[in-house]
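Trainee: I am new to this structure. Please take a close look at a single part of the chain, a pocket, and set it against the chain as a whole.

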Amino acid sequence: AQIQMAVDGALGAVGDNVLAREFLEMSVEAIKRADGIVTELVSYSTSTNLKLEPANLNDFVGETIELMGEEFETYMTSVKAELSDDDPPAFMAKNELQQAFLSLLFNALQAMSIEGTLTIRTGTRVVEGLEVTEGARTGARVRNGEEAAFIEVEDTGPGITEADLPKVFDPFFTSKATGVGQ
């Protein structure tokens, strides 16, 4: 806030100096971006209760594919949507899930490089193999033997190395070079 106020004050003081005004306006935009990033990091790091609402998985996937359209064209990626005929309903925190899904798709694009194939499937299946503790059923969790909706993503990239596999769910884990990707 203090930096924003200082830049705003400087903008009022530059008068007709076009170059100074342009640099200060670029600074204002950079401050807004940094503020957005900090806000997202704080939001990510604080525990919140997600508001789960019923939604159609096929519609969700279709909307997300539309959002990514330009990226798919840029990477010359072929997208195959194998959507369930059942139109599986699901309970989701749509905005949060879409943010995670977009990140997953961007990572897939970057891993495949150019001219890859991305396959997205939806459906329902019976849950098996969950390790649960006694009484572990709160909110919208499922149990072994229950049916659950799924989204499955497959790409033609090189895959995750055996060494990185245990780390993929660690917050902020990346195998990419600094400054590259999501």
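Mentor: Accessible areas are obtained by the Shrake-Rupley method with a 1.4 Å probe, and for residues only the protein chains shown count as cover. On that basis the chain has an accessible surface of about 13,100 Å², and carbon and sulfur atoms make up 53% of this surface. The model is a predicted one, in which local features need pLDDT of at least 70 and side-chain atom pairs count only at pLDDT 80 or more, while totals for chains, interfaces and linings use all residues. Residues are numbered from 1 along each chain as its sequence is written, and side-chain values use heavy atoms, without hydrogens and water.

Five helices and five strands are present in the chain (DSSP runs numbered from the N terminus, helices being H or I of at least four residues and strands E of at least two). Their order along the sequence is α-α-β-α-α-β-β-α-β-β.

Let us turn to the pocket. The second largest pocket holds about 740 Å³ of space (a pocket is an open set of points on a 1 Å grid where a 1.4 Å probe fits, with protein on both sides within 12 Å along at least five of seven lines; lining residues have an atom within 4 Å of a point; the volume is that filled by probe spheres set on the points). Its lining consists of 20 residues, and those nearest the centre are Ala 90, Phe 91, Ala 148, Ala 149 and Phe 150. Strand S3 (89-92), strand S4 (117-126) and strand S5 are the elements that each give two or more residues to this lining. Strand S5 supplies the largest share, with six residues.

To set this part against the whole, consider the chain again. Of its 182 residues, 21% count as buried (under 20% relative accessible area; exposed is over 50%, and partly exposed lies in between). Among the contacts (heavy atoms within 4.5 Å) with a separation of 6 or more, 75% join residues 24 or more positions apart.

Two residues in the helices illustrate these terms. Thr 64 belongs to helix H3 (residues 57-67) and counts as buried because its relative accessibility is 0%. Beyond its neighbours within four places in sequence, Thr 64 touches Gln 98, Phe 101, Leu 102 and Leu 105. Asp 8, in helix H1 (residues 2-13), is partly exposed, since its relative accessible area is 39%. The C-alpha atom of Asp 8 lies 8.2 Å from that of Leu 24, a residue 16 positions away along the chain.

How values were computed
Buried < 20%, exposed > 50% of the residue type's maximum accessible area, 1.4 Å probe, protein only.
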